[in-house]
Amino acid sequence: MQDFYPSRVSDKPQITKRKDPVIHTDRRLDHEAPLSKEQLDFYEKNGFLQIENLFSEKEVAAMQKAIFELQDSNKHTQSDKIIREPDSDEIRSIFSVDQDDEYFKNIAGDERLLKIVNHLLGSDVYVHQSRINYKPGFSGKEFNWHSDFETWHTEDGMPRMRALSMSIALSDNYIHNGPLMLVPGSHNYYVSCVGETPENNYKQSLQTQKVGVPDNDSLKWLVEKGGGLSVATGKAGTITIFESNTMHASTSNMTPYPRNNLFMVYNSVENKLLEPFSGAGKRPEYIAVRKTTEPLGKETVLK
Ligand code: AKG
């Protein structure tokens with residue numbers, strides 16, 4: 001298949017225009033959307049959107065309890081799905097929570113979330129990746145600048161920009177405890193990064209990402225074009241939806257306040273993974289789903 005978004009193939013970075021819609025349902029059908037026209041406009045223009053109060057306080061409290069229990073029960077677990085902080089034994093991420101745990105599976109299939117995702121991606125969807133990023137107080141380290149799509153395309157063979165992340169804040173995300181920073185409008189441009197993809201790159205990149213990171217000039221260009229940076233702060237329960245190609249990063253957490261977020265990545269069933277465009281081996285199923293790609297149903301509810 002033709003590679004519409006080559007990256008890591010040249011020693012010079014390049015910025016090209018996005019070749020896919022941002023909202024995959026025809027905008028003439030806005031009236032059928034579970035979001036207002038203003039919300040759709042905001043997402044289309046900026047590449048992200050925050051939603052408050054979609055989950056009740058009781059549901060958010062239950063999710064918080066569930067992620068702490070998972071963290072506690074895995075303190076000493078040796079598993080590739082559990083990523084530790086680069087300089088300590090603390091848990092940085094737990095992957096594949098929707099596959100391994102019925103509770104998180106139900107959240108991923110929650111009807112309120114799916115209605116939004118189905119509309120934005122214009123089709124049925126499945127979960128491409130899920131994880132909890134804990135970012136513990138004092139020791140939680142940064143996530144370097146990247147477009148998720150650049151990685152999913154190059155390392156996982158995701159053909160087109162027809163996926164998005166839903167991040168549910170499960171602690172308050174303050175300006176100072178390492179919240180997500182997003183570059184407004186960056187989803188409209190694709191940065192072809194410099195550097196080759198080493199075999200098993202994920203082993204390094206999930207702790208500290210070095211490959212698939214934009215060069216400083218491209219990042220500066222995107223930030224200036226978008227008129228600055230946005231920061232996804234919000235109380236626990238706030239949802240941040242961001243488009244697959246939106247450039248984002250977050251800083252270390254030097255405060256005592258952990259920053260815990262649950263991420264679910266939804267991909268269109270019409271955009272399933274091919275062979276990685278880097279030519280390297282496929283990443284494991286717990287990072288990039290290939291097997292369980294049946295459309296998510298509408299019946300599951302939060303317990
Ligand atoms: C990602 O989901 O791709 C991230 O970079 C997460 C960053 C964060 O948790 O701050």
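Start at the ligand and select H146: an oxygen atom of the ligand is 2.9 Å from an N or O atom in the H146 side chain. That is a polar contact, meaning a pair of N or O atoms within 3.5 Å; within protein, one must be able to donate a hydrogen and the other to accept it, and residues adjacent in sequence count only if both atoms are side-chain atoms.

Before going on, a word about what is on the screen. This is a predicted model, in which local features need pLDDT of at least 70 and side-chain atom pairs count only at pLDDT 80 or more, while totals for chains, interfaces and linings use all residues. Residues are numbered from 1 along each chain as its sequence is written, and side-chain values use heavy atoms, with hydrogens and water left out.

**Stop 1: around the ligand**

Add D148 to your selection: an N or O atom of the D148 side chain is 2.8 Å from an oxygen atom of the ligand. Next add R259, where the corresponding distance from a side-chain N or O atom to a ligand oxygen is 2.6 Å. Taken alone the ligand exposes 290 Å², and the protein buries 97% of that (areas come from the Shrake-Rupley method with a 1.4 Å probe; for residues, only the protein chains shown count as cover).

Now show the whole shell: R131, N133, F143, H146, D148, L180, H248, S250, R259 and F263 surround the ligand. A residue is near a molecule if one of its heavy atoms lies within 4 Å of it. Color the strands β5 (125-133), β6 (143-147) and β12 (247-250), the elements that give two or more residues to this shell. Strands here are DSSP runs of E with at least two residues, and helices are runs of H or I with at least four, numbered from the N terminus. By class, the shell has three nonpolar, four polar and three charged residues. Ala, Val, Leu, Ile, Met, Phe, Trp, Tyr, Cys and Pro count as nonpolar, Asp, Glu, Lys and Arg as charged, and the others, Gly among them, as polar.

**Stop 2: the cavities**

How many cavities of 30 Å³ or more does a search of the whole structure find? There are two. On a 1 Å grid over the protein atoms alone, a cavity is a set of points where a 1.4 Å probe fits but cannot get out, and lining residues have an atom within 4 Å of a point. Grid points are joined across faces, edges and corners, and a volume is the space filled by probe spheres set on the points.

For the largest cavity, with about 70 Å³ of space, select Q50, S167, I168, A169, N173, L180, A232, T233, G234, T238, T240 and N261. Strand β7 (residues 163-169) gives the largest share of this lining, three residues. The lining divides into four nonpolar, eight polar and no charged residues. L180, in this lining, also belongs to the ligand's surroundings.

The second largest cavity holds about 40 Å³. Among its lining residues are H146, E150, Y189, Y190 and V191, so to speak a return visit to H146 from the ligand shell. Strand β9 (189-192) supplies at least two lining residues, as does β6, and β9 gives the most, with three.**Stop 3: helices**

Select helix α5 (residues 111-121): eight of its eleven residues are buried, so the helix is largely enclosed by the rest of the structure. Buried means under 20% relative accessible area, exposed over 50%, and partly exposed in between (1.4 Å probe, protein chains only). The buried residues of α5 include L113, L114 and I116. Just after α5 comes G122, whose phi is positive, near 65°.

Move to V60 in helix α2 (residues 57-73). V60 is buried, at 7% relative accessible area. Its C-alpha atom is separated by 9.5 Å from that of S171, although the two residues are 111 apart along the chain.

**Stop 4: two loops and a strand**

Find N53 in the loop between β2 (48-51) and α2. Its phi is near 60°, a positive value in a residue other than glycine. Is N53 buried or exposed? At 56% relative accessibility, N53 counts as exposed.

K135 sits in the loop between β5 and β6 and has a positive phi of about 40° without being a glycine. K135 is buried, with a relative accessible area of 1%.

Finish in strand β5 with Q129. Q129 is buried, at 6% relative accessible area, and its side chain reaches the backbone oxygen of I287 at 3.0 Å.

Conventions
1 Å grid on protein atoms, 1.4 Å probe; cavity = no way out; pocket = protein on both sides within 12 Å on 5 of 7 lines; lining within 4 Å.
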